[in-house]
Amino acid sequence: MNDDQLEKLAQRLGARAAERLDVEATAQAVIERLRAERAAGERIGSWLPRQWLRIAAALVIVVGGGAVALRIMGSSHQSSASAPADLDGLSTDQLKQVLEGVGESGGEAVVSVQDVGLDDLNTVELRALLESLEG
Amino acid sequence: MPPAEPVAAVPSDAALIAAWKGGDEQAAAELVRRHARALARFLGASGSGGRGDADVDDLVQETFIRAFRALGRFRGQCRFRTWLMTIGGNVLKDAYRKARRTRVVPLAEELRDTEGDPHEHAVAGEMEARLAAGLERLPRMQREVFLLRAQQGLEYEEIAGALGTTPGAARVHFHHAVKRLKEQLA
């Protein structure tokens with residue numbers, strides 16, 4: 001078989017499929033699908049901003065709250081463990097300073113949402129997040 | 001002698017693409033009408049994803065849908081039709097993958113073709129089937145270059161632009177494809 005014969009044979013390939021194709025029906029089907037995709041895109045476009053705001057707000061509450069709770073629990077464990085040994089020898093003024101220090105460390109426990117992802121949440125926090133999204 | 005009627009200007013592909021981007025659905029329909037048959041030939045020759053001629057319609061549709069979704073990335077590096085065929089190549093690849101997962105038994109050739117002389121059909125059909133089988137065994141690049149050149153009659157520069165290669169490399173792919181196909185058809 002020479003090159004010309006091969007090319008002619010190649011040109012026949014797929015000819016039957018092309019002849020059988022209903023071009024007008026294909027054009028209409030494509031337009032219908034594109035129309036449906038556009039409509040779906042518009043629906044998602046109007047839904048997304050509100051839902052994203054809700055999700056972001058829920059994340060801030062859950063993650064921030066969880067982080068504060070963890071920090072407070074951690075510091076209370078440390079304080080209670082070391083109290084019998086260290087606090088006995090302190091004066092009233094020194095005890096006041098320690099308490100103020102504890103209060104300040106609690107206040108610093110605000111965690112930036114950007115620093116926290118879903119991977120950082122434990123099971124309880126994830127469940128609370130999901131419940132808040134469902135509600 | 002009556003004055004000749006003015007010839008209606010045929011909008012270019014670029015004009016139709018711009019009109020579609022502006023929301024004109026009829027422009028998209030016209031692009032489909034203009035290129036659907038050539039695309040069907042290309043897809044049919046490439047094996048139609050191992051699913052037979054009947055499904056070429058679906059593949060043509062899917063190719064156009066993907067093309068319209070990706071029109072923002074079409075920079076005119078080749079003609080719209082050529083670009084469409086490269087997208088068709090991707091659609092075919094996905095169809096092959098799906099066909100491997102859900103094996104479909106194609107209809108026998110004699111059941112699909114009921115018109116014309118059965119003997120002629122058998123002889124022509126056998127050569128076509130062997131060429132189609134040979135094409136399926138080629139690497140994708142060789143297959144697409146071969147079809148774009150031999151079936152669609154495109155220049156190497158055009159093929160290279162569409163497939164992201166050089167005209168020289170496209171020429172080499174074509175010659176490798178021809179050599180291997182001749183060996184398989186001998």
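1. Salt bridges, taken here as a side-chain nitrogen of Lys or Arg within 4 Å of a carboxyl oxygen of Asp or Glu, number 17 over all chains of this predicted model. A nice one to look up joins Arg34(B) and Asp13(B), whose closest N and O atoms are 2.8 Å apart. Arg34(B) sits in helix α2 (residues 25-45) of chain B and Asp13(B) in helix α1 (residues 13-21) of chain B, so this pair ties together parts that are 21 residues apart in sequence. Helices here are DSSP runs (H or I, at least four residues), numbered from the N terminus.

2. A word on conventions. Residues are numbered from 1 along each chain as its sequence is written, and chains are lettered from A in the order in which they are written. As the model is predicted, local features need pLDDT of at least 70 and side-chain atom pairs count only at pLDDT 80 or more, while totals for chains, interfaces and linings use all residues; side-chain values use heavy atoms, with hydrogens and water left out.

3. Now to the interface. Chain A brings 31 residues to the contact and chain B brings 40 residues, with contact meaning heavy atoms within 4.5 Å. About 3400 Å² is buried between the two chains, and carbon and sulfur atoms give 61% of that area. Buried area is the accessible area (1.4 Å probe) that two parts lose on being put together, summed over both.

4. Six salt bridges cross between chain A and chain B. In one of these, the side chains of Glu24(A) and Arg33(B) meet at 2.8 Å, N to O. On the side of chain A that touches chain B, α1 (3-12), α2 (15-20) and α3 (23-86) of chain A each supply at least two residues. The largest share, 13 residues, comes from α3(A).

5. You may also like the aromatic pairs, of which the whole structure has seven over all chains. Phe64(B) and Phe68(B) form a stacked pair, 6.3 Å centre to centre with 25° between the planes. Rings of Phe, Tyr and Trp (its six-membered ring) pair if their centres lie within 6.5 Å; planes under 30 degrees apart count as stacked, over 60 as edge-to-face and the rest as tilted. Both Phe residues lie in helix α3 (residues 56-69) of chain B, four residues apart, about one turn of the helix.

6. Finally, confidence. Chain B has a mean pLDDT (the predictor's confidence in each residue, from 0 to 100) of 83, with 79% of its residues at 70 or more. Over residues 104-114 of chain B, pLDDT stays under 50. For the complex, the predictor gives an ipTM of 0.76 and a pTM of 0.62.
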